[in-house]
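Dear colleague,

Please find the structure we discussed below. My notes on it come after the display.

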Amino acid sequence: MTGVPLRVGSAFPNPPFEVAGPPPTGFDIDWMTAIAAELGRPLVARRYDGSNFDGIFAELGRSIDVVASGATVTEYRKTLARWCEPYLRSGQSLVVDAAATPGVHGCDDLRGLTLGVQSGNTSQPVAEQLLAAGKVGAVKAYAYEEIGTALDDLEHGRLGAFMKLEPVLRRLIADRPALRIVQTGITTELLAVAVATDDAALADEIDGAQQALRRDGELARLGRRWLADSDPRATAVLT
């Protein structure tokens with residue numbers, strides 16, 4: 001390819017969307033690689049290391065051209081970036097230590113417990129709403145890169161539950177047999193790639209490439225590859 005590189009910003013680790021390499025891979029990396037190829041541009045993956053996920057959008061138009069990182073479209077984020085057509089529907093899920101809290105089957109059973117989330121993640125406002133309603137005892141926000149610490153805290157009784165997007169949480173607890181997802185579909189969220197607010201031309205190009213790849217069946221293929229272990233009632237590609 002001889003085109004200008006398409007610089008894609010992603011936060012790692014965020015499986016199955018972003019899986020550290022080398023080379024980096026995952027649903028979003030594969031999807032953006034296909035989009036870049038459709039546009040005749042080579043892809044350059046850039047890792048975002050900020051402690052608050054929403055900080056990634058400040059890099060648009062500077063160090064990156066696109067955010068593709070399992071990112072949910074929200075009203076607030078619409079003020080930070082221009083969003084392309086969504087490619088996935090998903091939602092928050094809840095994980096607990098099943099032996100330590102056998103009575104917790106969902107968000108209605110968290111009274112008195114501390115609920116963990118990541119800073120800037122779309123789980124954070126959900127947790128804060130539960131706190132305001134008196135449905136949780138406290139909310140603990142971890143820096144984005146502290147997801148492993150949060151799950152360690154859950155395993156060792158320092159946290160009552162943790163909330164995150166369903167396919168990601170399912171991957172992150174795969175080697176933690178004490179932890180179990182007890183509720184999915186807590187929210188309904190649309191995931192999409194984002195560009196700088198004033199870059200309507202790039203957004204249009206990406207949307208055109210996405211439409212062509214959908215018709216080709218590429219999005220469905222990536223869904224089968226990366227989301228096979230997800231709850232289909234909670235997570236599905238938008239073909």
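What follows is a summary of the findings, grouped by topic.

The coordinates are a predicted model, and the values below were computed from it.

Cores

The largest nonpolar core has 41 residues, and the members that touch the most others are Phe 27, Val 66, Val 95, Leu 151 and Phe 162. Two or more residues come from each of E1, H1, helix H3 (147-155), strand E9 (161-165), helix H4 (166-172), strand E10 (179-183), helix H5 (200-216) and helix H6 (218-226). H1 gives the largest share, 6 residues. Burial of this kind is in line with a general tendency: nonpolar side chains in soluble globular proteins tend to be buried together.

Phe 27 has contacts beyond four places in sequence with Pro 16, Phe 17, Tyr 87, Leu 219, Leu 222, Gly 223, Trp 226, Leu 227 and Val 237. Another core, of 15 residues, lies apart from the largest one; Ala 11, Leu 60, Ala 81 and Trp 83 are among its members.

Cis peptide bonds

Most peptide bonds are trans. Here a cis bond joins Phe 12 to Pro 13, with omega about -10°. Another cis bond joins Pro 15 to Pro 16, with omega about 5°. Pro 13 sits in the loop between strand E1 (6-11) and helix H1 (27-38), and Pro 16 is also placed in the loop between E1 and H1. Pro 16 is one of the residues that Phe 27 touches, so you may want to look at both when you open the file.Cysteines

The structure holds 0 disulfides. Cys 84 is buried, its relative accessible area being 4%, and Cys 107, with 8%, is buried as well.

Pocket and cavity

The largest pocket encloses about 150 Å³ of space. Its lining consists of Asp 54, Thr 72, Val 73, Thr 74, Tyr 76, Arg 77, Gly 120, Asn 121, Thr 122, Pro 125 and Glu 189. By type, that lining has 3 nonpolar, 5 polar and 3 charged residues.

There is 1 cavity of 30 Å³ or more. The volume of the largest cavity is about 110 Å³. Its lining comprises 15 residues, and those nearest its centre are Gly 70, Asn 121, Thr 122, Lys 164 and Leu 165. Of the lining residues, 5 are nonpolar, 7 polar and 3 charged. Asn 121 and Thr 122 appear in the lining of the largest pocket and in that of the largest cavity.

Two individual residues

Is Glu 166 buried or exposed? The residue belongs to helix H4. Its relative accessibility is 0%, under the 20% limit, and Glu 166 therefore counts as buried. Outside the four places on either side in sequence, Glu 166 is in contact with Ser 90, Gly 91, Ser 93, Ile 181, Thr 184, Ser 230, Asp 231, Ala 234 and Thr 235.

Asn 52 lies in the loop between strand E2 (43-48) and strand E3 (66-67). At 34% relative accessibility, Asn 52 is partly exposed. Its contacts, leaving aside neighbours within four places in sequence, are Ser 119, Gly 120 and Tyr 144. Gly 120 is also one of the residues lining the largest pocket. The C-alpha atoms of Asn 52 and Glu 145 are 8.6 Å apart, although 93 residues separate the two along the chain.

Regards

Notes
Residues are numbered from 1 along each chain as its sequence is written. This is a predicted model: local features need pLDDT of at least 70, side-chain atom pairs count only at pLDDT 80 or more; totals for chains, interfaces and linings use all residues. Side-chain values use heavy atoms; hydrogens and water are left out. A disulfide is a pair of cysteine sulfur atoms within 2.5 Å. Buried means under 20% relative accessible area, exposed over 50%, partly exposed in between (1.4 Å probe, protein chains only). On a 1 Å grid over the protein atoms alone, a cavity is a set of points where a 1.4 Å probe fits but cannot get out, and a pocket is an open set with protein on both sides within 12 Å along at least five of seven lines; lining residues have an atom within 4 Å of a point. Grid points are joined across faces, edges and corners, and a volume is the space filled by probe spheres set on the points. Ala, Val, Leu, Ile, Met, Phe, Trp, Tyr, Cys and Pro count as nonpolar, Asp, Glu, Lys and Arg as charged, and the others, Gly among them, as polar. Helices (H or I, at least four residues) and strands (E, at least two) are DSSP runs, numbered from the N terminus. A nonpolar core is a set of buried Ala, Val, Leu, Ile, Met, Phe, Trp, Tyr and Cys residues joined through side-chain atoms within 4.5 Å. Contact means heavy atoms within 4.5 Å.
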